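Subject: A structure for you to look through

Dear colleague,

I am passing on the structure we talked about, and I would be glad if you kept it open beside this message while you read. My notes on what was found in it follow below.

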Amino acid sequence: MAPTVTIGREGNHIDFPDDPFISGRHAKVEHKNGQISLVDLGTKNGTFLRVNRETKLEHGDYVF
């Protein structure tokens, strides 16, 4: 598995060229120290993850 995969509208590992709500370079998925993380790359509206199971929250997490 590659340590980092980028997601966006164009020029990424995974592109969504027809999605008007995604930035050119929107987010990355990182594998580091045995953990997988989703990281926003400075987008105007942020990056959201749908959670369908019990998930540990950390200090500073936002819940919408």
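A word on terms before anything else: strands are runs of at least two residues that DSSP labels E, and they are numbered from the N terminus. Please also bear in mind that this is a predicted model.

With that definition in hand, Asn 12 can be placed in the loop between β1 and β2. Is Asn 12 buried or exposed? Its relative accessible area is 12%, and because the cut-off for buried is under 20%, Asn 12 counts as buried. The side chain of Asn 12 has two polar partners to look at, since it reaches the backbone oxygen of Gly 24 at 2.7 Å and also makes a polar contact of 3.4 Å with the side chain of Thr 6. If residues up to four places away in sequence are left aside, Asn 12 touches Thr 6, Ile 7, Gly 24 and Arg 25.

The strands themselves come next. Four of them form an open sheet with mixed pairing, and their order across the sheet is β2-β1-β3-β4. Because β2 (14-15) and β4 (35-40) each have a single partner strand, they stand at the edges, and one side of each is left without a neighbour in the sheet. Strand β1, which covers residues 4-8, pairs with β2 in the parallel sense over two bridges, and here you can find Gly 8 opposite Asp 15 of β2.

Another residue to find is His 26, which sits in the loop between β2 and β3 (27-32). His 26 is buried, with a relative accessible area of 11%, and a polar atom of its side chain lies 3.3 Å from the backbone oxygen of Gly 46. Again not counting residues up to four places away in sequence, the residues that His 26 touches include Ile 7, Gly 8, Phe 21, Val 39 and Asp 40, as well as Leu 41, Thr 43, Gly 46 and Thr 47.

Finally, please turn to the surface, where Leu 38, Leu 49 and Val 51 form a nonpolar patch whose accessible area together is about 290 Å². Within this patch, Leu 49 belongs to the segment after β4, and with a relative accessibility of 65% it counts as exposed, because the cut-off for that word is over 50%.

With best wishes

Terms used: Residues numbered from 1 in each chain as written. Predicted model: local features only at pLDDT ≥ 70, side-chain atom pairs only at ≥ 80, totals over all residues. Heavy atoms only, no water. Pairing = 2+ DSSP bridges. Helix = DSSP H or I, 4+ residues; strand = E, 2+ residues; numbered from the N terminus. Buried < 20%, exposed > 50% of the residue type's maximum accessible area, 1.4 Å probe, protein only. Polar contact = N/O pair within 3.5 Å; in protein donor to acceptor, adjacent residues only side chain to side chain. Contact = heavy atoms within 4.5 Å. Patch = residues over 30% accessible without salt bridge, like charges linked within 9 Å, V, L, I, M, F, W, Y side chains within 5 Å. Areas by Shrake-Rupley, 256 points an atom, 1.4 Å probe, with all protein chains shown as cover. Salt bridge = Lys/Arg side-chain N within 4 Å of Asp/Glu carboxyl O.
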